[in-house]
Amino acid sequence: MSHTPSPIMSHEAFEFLRATRIPSLNLELQEFRHRVTGAPHLHLAAEDDQNTFLVAFRTVPQDSTGVAHILEHTSLCGSRKYPVRDPFFMMTRRSLNTFMNAFTSADWTAYPFASRNVKDFNNLLDVYLDATFFPTLNEMDFLQEGHRVEFAEAGNPDSELLFKGVVFNEMKGAMSSPVSALYQALTRELFPTITYHHNSGGDPEAIPDLTYEQLKAFHAYHYHPSNAVFMTFGDIPAAEHQARFEEGALKQFQRLPLDISVPDEQRFNAPVKVEDRYALDGEEETRDKTHIVLGWLLGKSIDAEEVMRAHLLSGVLLDNGASPLRHALETSELGSAPSPLCGLSDSSREMVFAAGLEGSNPEHAAAVEQLILDVLQDVADNGVEKEVVEAVLHQYELSQREVSGDGFPYGLQLMVNALGTVLHGADALAALDIDPILEKLRRQIEDPTFIKGLARTVLDNPHRVRMVMTTDTTLSAERAALEAARLAAMKAGMDEATKQQIIAQAAALAQRQEQHDDPEVLPKVGLEDIPAELSIPVAEKQTIGAMPASWFARGTNGIVYQQIVVDLPELDEELAQLLPLFTDVLTEVGSAGRDYLEAQALQAAVTGGIGANVALRGAVDDLQQSRGTFTLSGKALVRNQAALADLMQETFEAARFDELPRIRELVAQERMYREQRVTSAGHSLAMVAASAGLTPSAAQQHRWGGLGGIKHLKALDDSLDDKAALARFSARLERLRDILMKAPRQLLLIGEAEQREAISGHLQQRWQSHPAAAMSGPYLPPAAAGQLQQGWATSTQVNFCARAYPGVCPEHSDAAALMVLGGFLRNNFLHRTIREQGGAYGGGASFDTDSGAFRFYSYRDPRLSETLADFDKSVSWLLENTHEWRLVEEAILGVISAIDKPGSPAGEAKKSFYATLHGRTPEQRRRFRARILEVREGDLKRVAATYLKPELASTAVISDPTTLAKQQGLEILKL
């Protein structure tokens with residue numbers, strides 16, 4: 001496994017340590033150390049042109065002021081070599097990056113990016129190195145990104161004093177989520193004395209305590225190469241990276257004897273019990289909304305074997321509905337669903353295992369605790385079937401082999417997996433190459449006492465917290481009153497000079513936010529650097545049984561992907577509305593005579609998971625037409641491809657909708673999951689709601705996956721406690737399955753070329769006796785209802801705003817200009833007004849080619865009506881001014897970067913298949929891309945004047961009931 005080949009070339013400033021081939025990842029880990037500062041460089045050498053970079057620092061805050069998080073924001077606001085106000089966001093526009101971001105974790109801060117263009121990669125590397133090691137840290141940027149006070153009326157010291165700041169509002173939004181509040185409360189109690197006790201992102205009540213001097217001191221101490229790690233991935237040689245590291249930063253530093261580490265937590269002698277509360281606004285009923293969770297502090301996450309043993313036990317207990325602890329939680333009447341915190345967290349230096357219920361009541365705390373302990377006791381006494389343990393190891397083997405990268409670059413995923421281990425001083429190789437540990441675990445599980453011992457370790461561990469988090473309908477008002485009292489006290493203590501200083505500071509910040517820096521200080525790529533061609537995989541067609549099939553030969557590293565794709569047939573609206581729930585239930589119940597416990601166990605043993613989904617997209621040339629599909633998807637190691645095919649067919653044709661208690665559990669779980677999305681994905685839900693009146697496909701998306709779908713799901717869930725209603729619901733699911741079985745279908749198959757014959761041969765045998773599906777009319781969603789102006793009420797400390805306008809279909813000549821317009825308005829107007837000046841965490845505009853809607857949005861926004869006004873002002877600004885070609889070019893680069901962004905080998909095949917299925921053929925996609933490159937300023941003004949007319953706008957906002965009650969012209973809807 002391990003070898004050191006001929007010496008790897010390194011820059012003279014770096015010492016080569018070792019090189020190790022990791023076969024399961026198809027890469028070589030090359031390890032180096034900077035001779036002067038001691039900074040490690042880990043290079044993952046791979047035949048992949050999506051080169052990826054990350055620099056990370058140990059950051060261990062000792063309070064909840066959010067200093068590490070605010071520093072992450074302000075370090076990207078200008079640097080010594082690039083003294084412009086906003087180089088990070090400016091570079092997102094002057095780049096062909098496939099990923100740019102920065103992360104603040106509990107004990108580290110990382111700055112990653114990725115690009116397929118070498119020139120672009122090096123541009124970004126120069127900017128990132130200067131931003132992290134030599135940031136300007138201007139006080140104005142601290143006030144903008146962190147926190148400040150301003151008078152509600154600019155220039156009026158008699159008006160109300162307010163807290164403002166991007167991170168301040170971001171964390172208000174984050175802590176509006178009950179699950180986030182629960183996680184913070186649990187870790188606070190499990191870690192009473194070390195850094196994890198604090199909220200590294202920042203507690204909104206503590207953020208205003210942070211001073212500018214403390215921010216600068218935190219950077220000076222933590223952001224040094226002796227406290228850093230450099231990681232790279234891809235096909236650029238390590239020595240080339242190192243030359244830039246040295247020239248751009250490292251040659252200016254000497255080694256420092258820094259000891260920035262996280263000590264062991266002081267262990268409890270006995271378990272503790274804690275009660276806390278979370279805000280629930282606008283709800284009269286507080287029953288069945290309590291979270292009850294047990295959390296244990298386990299061993300160190302820097303020991304790869306200990307981590308894998310802990311993951312193995314967690315998987316055995318919780319992986320699926322057949323796992324003993326998940327089964328006990330899912331079937332318990334003490335709550336609605338297993339807690340989202342269930343499972344193992346290894347992101348801190350010492351691991352946390354948690355289990356519990358949501359949708360419970362405070363008086364059930366002791367019973368929930370005993371339920372969990374009883375399961376652990378049973379496993380400790382009796383163990384589990386060996387097949388259960390083997391299935392968990394099988395899942396780890398599959399996850400180790402799978403080449404991901406559809407939402408997050410594959411190389412970056414590998415880096416993040418190893419980052420905590422490296423920063424805490426352990427061996428990166430053990431974290432990346434888990435095959436030796438898997439082999440050792442396979443030997444250890446032969447001993448029936450092995451799993452029993454792991455369970456006993458948790459059971460006998462006294463460092464345990466029982467957290468009971470109840471609802472409080474007055475908590476938001478209480479927090480608002482405390483904040484208002486704090487501000488009033490601050491104001492009362494101000495003399496006239498201090499008030500004028502605040503006014504002057506606000507004016508100075510506003511002036512800085514309006515300042516236009518010279519962008520040519522920064523490096524860039526241009527249209528001339530864009531690849532001429534868009535690479536799109538093409539399927540080979542064949543017939544299996546009576547079905548068409550599409551085969552994609554891709555480098556999937558020994559994994560096979562299979563999908564059954566069904567055209568949505570004609571359905572009445574009652575059945576159509578149930579399609580998302582049908583997809584949730586189908587793969588979670590029994591099949592072919594097996595009950596759901598047996599089916600779940602079989603899925604885990606032979607597949608990497610089977611799932612289902614439903615989709616509807618507007619036609620490429622007519623937005624009033626659409627095509628819907630139901631898809632059943634699965635993946636497996638190639639040795640299990642036949643078992644995967646069998647199980648998928650049995651799931652599709654013989655799912656057991658007679659398991660009524662199981663179906664009842666699944667609906668309750670889905671309700672909990674969907675409700676929790678409101679505060680984390682509120683901007684997406686608001687955009688879908690605003691678009692719902694424009695086209696049939698947009699309306700259906702709102703009814704299925706949007707706020708309308710959540711409202712329907714809540715009503716359905718409330719009705720299913722009646723046994724007769726549950727039986728009727730089950731019967732409708734069965735009827736829906738019977739209709740889908742008769743509809744036209746086809747297969748999508750993805751694997752490595754040499755696997756095709758075996759896969760196709762088994763599928764032929766499996767499907768040969770099935771006749772071709774009878775043709776029926778396609779599903780036609782109802783017509784859209786037209787313009788709407790809605791306010792959706794929920795429990796939140798911030799707002800999510802959206803406005804939508806009817807646009808055009810993808811083949812229309814104006815579609816490309818509308819696509820570029822979204823980035824143009826975001827880059828040059830909305831980012832400044834909504835984020836920098838308004839204090840929202842995010843805001844922008846985009847054109848959705850599926851629904852044909854042009855949409856504005858804001859995310860975790862302290863404002864509402866002012867943001868809606870800024871949406872309108874952005875259009876006026878565009879039309880009333882002349883704009884540089886550079887700004888148009890930057891918007892084009894952003895669109896092309898998104899179009900060209902690579903996915904995983906399987907993900908790109910799926911994208912190609914479904915795009916073609918819905919009329920977005922490779923020829924159409926390349927034609928659309930070429931039109932993007934031809935867009936000019938006049939096109940942007942023309943489409944804005946044509947389509948973004950105020951009288952055509954639809955609006956949807958998500959806010960708290962009190963804020964919505966003050967708004968004019970909105971229909972108020974309660975989730």
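This short talk describes several helices and strands of one predicted model.

Good morning. I shall begin with helix H6, which covers residues 178-190. What span should its 13 residues have at 1.5 Å a residue? The expected value is 18 Å, and the end C-alpha atoms are 18 Å apart, which agrees. Several residues of H6 are buried, namely Val179, Ala181, Leu182, Ala185, Leu186, Thr187 and Leu190. In this list you may notice spacings of the kind that a general rule addresses. An α-helix has 3.6 residues a turn, so residues three or four places apart point the same way. What covers the buried residues of H6? The cover includes the strands S11 (272-279), S12 (290-300), S15 (350-360) and S16 (464-472), together with helix H23 (660-680).

I turn next to strand S22, residues 745-751. Seven of its seven residues are buried, so the strand is largely enclosed by the rest of the structure. On one side of S22 lie Arg745, Leu747, Leu749 and Gly751, on the other Gln746, Leu748 and Ile750, and both faces are covered. Which strands pair with S22? Strand S18 (residues 547-553) does so in the parallel sense, over five bridges, and Phe552 stands opposite Ile750 of S22. Strand S19 (residues 559-567) pairs with S22 in the antiparallel sense, over six bridges; here Gln562 has Leu749 of S22 as its bridge partner.

My third topic is an open sheet of six strands with mixed pairing, in the order S25-S26-S24-S27-S23-S28. Strand S25 (842-848) and strand S28 (971-974) stand at the edges; each has a single partner strand, so one side of each is left without a neighbour in the sheet. From one strand to the next, the twist averages 15 degrees. Within the sheet, S24 (residues 799-806) and S26 (residues 853-861) pair in the antiparallel sense over seven bridges, and Asn799 has Asp861 in S26 as its bridge partner. Helix H23 packs on this sheet, touching S24, S26 and strand S27 (954-959). The direction of H23 makes about 85 degrees with that of S26.

Finally, H23 also packs against helix H27 (residues 723-741), at an angle of about 90 degrees and with the axes 10 Å apart. The two helices are therefore roughly perpendicular. H23 contributes Leu660, Ile663, Arg664 and Val667 to the contact, while H27 contributes Leu726, Ala727, Phe729, Ser730 and Leu733. By type, the residues of this contact divide into seven nonpolar, one polar and one charged.

Thank you for your attention.

Notes
Residues numbered from 1 in each chain as written. Predicted model: local features only at pLDDT ≥ 70, side-chain atom pairs only at ≥ 80, totals over all residues. Heavy atoms only, no water. Helix = DSSP H or I, 4+ residues; strand = E, 2+ residues; numbered from the N terminus. Expected span 1.5 Å × (residues − 1). Buried < 20%, exposed > 50% of the residue type's maximum accessible area, 1.4 Å probe, protein only. Contact = heavy atoms within 4.5 Å. Pairing = 2+ DSSP bridges. Axes fitted to C-alpha atoms, helices over the stretch in contact; angles between N-to-C directions. Parallel < 35°, antiparallel > 145°, perpendicular 65-115°, else oblique. Nonpolar A, V, L, I, M, F, W, Y, C, P; charged D, E, K, R; others polar.
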